Amino acid sequence: MSVSPVCPRCGEVLVVRPESTAEGWCHLHAAVTPLHHTALVAHDAITAVCADARVPAWVPDPMPTDWAVTGLAWGGEPGARAIVVACAGPAPLGGSAELLLVAEEPGTGLGCGYAGLPGVDPGELIDGPSTAAVRAAGQRAPLWPVPTRDDRAAFVGEAYGVWLWLVTWPGSAAWLLAEDLGLLDLRERVYPDLPLGPTSDHLLPGA
Ligand SMILES: [Zn+2]
């Protein structure tokens with residue numbers, strides 16, 4: 001079940017012409033890559049999006065205990081140029097936490113949209129020594145912290161030649177990065193018991 005595409009930078013519902021599915025129109029941001037999502041995340045939807053995606057679909061590997069995938073969004077179709085995988089689960093000190101993993105081609109503006117930044121790419125935010133890292137498909141990917149809203153934490157780096165963003169709610173859920181987080185590209189393998197959960201509140205930018 002597909003729902004209306006939104007702007008990758010602000011979450012506004014877009015006007016997309018049937019003859020031009022690669023581009024949508026946002027009143028604030030003009031021409032943008034339409035961000036699609038499904039009302040409920042399902043294995044077959046993940047497999048379909050991954051089949052022709054041009055960027056990775058990252059999930060934690062292994063998934064933290066009692067965590068699940070809680071949303072999937074993709075920019076542009078066919079051949080997604082941006083993919084967001086939302087995950088959620090219990091935080092170690094109580095309460096719940098959410099993690100968005102974003103892979104996007106430069107110029108899309110999705111990661112900046114979640115972080116609440118005005119531009120489309122991190123630019124000079126990637127400067128100086130990195131403060132964290134993940135293993136993305138076995139390769140070390142350094143990450144830089146990004147200034148963002150009080151309710152979240154955001155990091156950006158690069159993997160497979162495209163931006164890799166991690167955004168967590170609350171900000172303290174960045175503890176996930178303290179434990180040598182490994183990421184699997186679902187284009188390699190959507191395993192049948194990948195745990196799925198109800199849709200994340202933060203799946204779309206602007207939330
Ligand atoms: Zn917009």
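Let me start at one pair of residues: E104, at the end of strand β7 (residues 96–104), has W163 of β11 as its bridge partner. This is a predicted model, so please hear everything that follows as computed from predicted coordinates. The pair belongs to a longer run of pairing, since β7 and β11 are antiparallel and are joined by seven bridges. On its other pairing, with strand β10 (residues 153–159), β11 is again antiparallel and again joined by seven bridges. Within that second pairing A159 stands opposite V162 of β11, and the two strands make a hairpin with two residues between them, where Y160 in the turn has a positive phi of about 60 degrees. Is strand β11 mostly covered, or mostly open? Seven of the eight residues in β11, which spans 162–169, are buried, so the strand is mostly covered.

Now the sheet as a whole. Strands of a sheet pair through backbone hydrogen bonds, in either the parallel or the antiparallel sense. Here the sheet is open, has 10 strands with mixed pairing, and runs in the order β3-β5-β6-β7-β11-β10-β9-β8-β12-β4. The edges are taken by β3 (35–37) and β4 (58–60), and because each of these has a single partner strand, one side of each is left without a neighbour in the sheet. On average, and ignoring direction, neighbouring strands of this sheet are turned by 30 degrees against each other. As an example of parallel pairing, β8 and strand β12 (residues 182–185) are joined by two bridges, and there R135 stands opposite G182 of β12.

Which residues have the most contacts inside the largest nonpolar core? They are I83, V85 and W165, in a core of 65 residues, and the largest share of that core, seven residues, is contributed by β6. If we leave aside residues up to four places away in sequence, V85 touches A57, W58, V59, V69, L72 and L101.

Strand β6 also brings us to helix α1, because the buried residues of α1 pack against β5 (68–75) and β6 (82–90). Those buried residues, in a helix that covers 43–51, are I46, V49 and C50. Viewed down the axis of α1, they fall within an arc of 100 degrees, and therefore they line one face of the helix. D44, T47 and A51 lie on the other side of α1 and are exposed.

For a contrasting place, look at G128, in the loop between α2 (110–115) and β8 (132–136). With 8 other C-beta atoms within 10 Å, G128 is exposed, the cut-off for that label being 12 or fewer. From G128 to S200 the distance is 33 Å, C-alpha to C-alpha, with their positions 72 residues apart in sequence.

Finally, the chain overall. Its secondary structure comes to two helices and 12 strands, following the pattern β-β-β-α-β-β-β-β-α-β-β-β-β-β along the sequence. The radius of gyration is 16 Å, close to the 17 Å that the globule rule gives for 207 residues, so the chain is as compact as a globular protein of that length. Taken along the principal axes, its C-alpha atoms fill a box of roughly 45 × 40 × 30 Å. Of the 207 residues, 46% are buried, and among contacts between residues at least 6 apart in sequence, 59% join residues at least 24 apart.

Note on methods. Residues are numbered from 1 along each chain as its sequence is written. This is a predicted model: local features need pLDDT of at least 70, side-chain atom pairs count only at pLDDT 80 or more; totals for chains, interfaces and linings use all residues. A residue is buried if 20 or more other C-beta atoms lie within 10 Å of its own, exposed if 12 or fewer, and partly exposed in between; C-beta atoms are placed from the backbone. Helices (H or I, at least four residues) and strands (E, at least two) are DSSP runs, numbered from the N terminus. The arc is that of the directions from the helix axis to the C-beta atoms. Two residues are in contact if their C-beta atoms, placed from the backbone, lie within 7 Å. The radius of gyration is taken over C-alpha atoms; the globule rule is 2.2 Å times the number of residues to the power 0.38. Two strands pair if DSSP finds at least two bridges between them. A nonpolar core is a set of buried Ala, Val, Leu, Ile, Met, Phe, Trp, Tyr and Cys residues joined through C-beta atoms within 7 Å. Axes are lines fitted to C-alpha atoms, for helices over the stretch in contact, and angles run from 0 to 180 degrees between N-to-C directions.
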